Amino acid sequence: MALRNIVKKGDGVLQKHCRPVTEFNDRLHIMLDDMAETLRKADGVGLAAPQVGVLRRAVLVLETNVPEGEEERIVELVNPEILECSGEQSGPEGCLSYPGVYGWVSRPDHVRLRAQDRNGAWFEVEWDGLTARAFCHELDHLEGVMFDEVADHIMSEEELDAHYGKDEQNDGAES
């Protein structure tokens, strides 16, 4: 595994629509493994392939809704699609490609989706809360949509301090 550079705001790759993954091979596996290492190192909750310069429909999301005593895990989603969503949550949202920038974003509180694993097998999963938010954020990346485009507004440092408290900013809410 290797760390990949995270593409930053201003790079045109972030505004491009991603193509489906059609080959489930070692090259895809290496990319997913590298993305997982990059996500862990960046301490984020999600990472999409275009954020590492690859225009393919693949994302990683940190599953945070785990039972007490279990560790959070990274879920790989290839060619993901939302089947249904419900509810609403609003709050600060950041992005590993936009370091230090946060916006107030509304997202579904619950999503059910379908995706393929690294070997091409289809599966469905349902998520709530932060994990649902992270998935929707990452899916936007695959469409070339950045969080600041869907944010109600970009938050000031004072707003972040008021929401999180000065010492708790972000707490892993970047994807």
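Colleague: Is Asn79 buried or exposed in this predicted model, and at what relative accessible area?
Modeller: Asn79 sits in strand S3, which covers residues 73–86. A residue counts as buried under 20% relative accessible area. Asn79 falls under that cut-off, so Asn79 is buried, with a relative accessible area of 9%.

Colleague: What is the phi of Asn79 near?
Modeller: Asn79 is a residue other than glycine. Even so, its phi has a positive value, near 50°.

Colleague: Which residue in the loop between H1 and strand S1 has a positive phi?
Modeller: Strand S1 spans 46–48, and the loop lies between H1 and that strand. The residue in question is not a glycine, yet its phi is about 60°. The residue is Asp43.

Colleague: Does Asp43 count as buried or exposed, and at what relative accessibility?
Modeller: Exposed means over 50% relative accessible area. Asp43 passes that mark, so Asp43 counts as exposed, at 57%.

Colleague: How does Leu3 count, and at what relative accessibility?
Modeller: Leu3 lies in the segment before helix H1, residues 26–42. Partly exposed covers the range between under 20% and over 50%. Leu3 falls in that range, so Leu3 counts as partly exposed, at 48%.

Colleague: Which residues does Leu3 touch, leaving out those up to four places away in sequence?
Modeller: Start with Ala42, which is 39 residues from Leu3 in sequence. In space, the two C-alpha atoms are 9.8 Å apart. As for contacts beyond four places in sequence, Leu3 touches Glu37, Thr38 and Lys41.

Colleague: What is the radius of gyration of the protein?
Modeller: The protein has 4 helices and 8 strands. The globule rule gives 16 Å for 175 residues, and the protein comes close to that, so it is as compact as a globular protein of that length. Its radius of gyration is 15 Å.

Colleague: What share of the contacts with a separation of 6 or more joins residues 24 or more positions apart?
Modeller: Take burial before contacts: 50% of the 175 residues count as buried. Then take the contacts with a separation of 6 or more. Residues 24 or more positions apart account for 67% of them.

Colleague: Over which residues is the pLDDT below 50?
Modeller: The protein averages a pLDDT of 92, and 94% of the residues score at least 70. One stretch falls below 50, and beyond near neighbours in sequence it has 9 contacts in the model. That stretch is residues 168–172.

Technical notes
Residues numbered from 1 in each chain as written. Predicted model: local features only at pLDDT ≥ 70, side-chain atom pairs only at ≥ 80, totals over all residues. Heavy atoms only, no water. Helix = DSSP H or I, 4+ residues; strand = E, 2+ residues; numbered from the N terminus. Rg over C-alpha atoms; globule rule 2.2 N^0.38 Å. Buried < 20%, exposed > 50% of the residue type's maximum accessible area, 1.4 Å probe, protein only. Contact = heavy atoms within 4.5 Å. pLDDT = per-residue confidence, 0-100.
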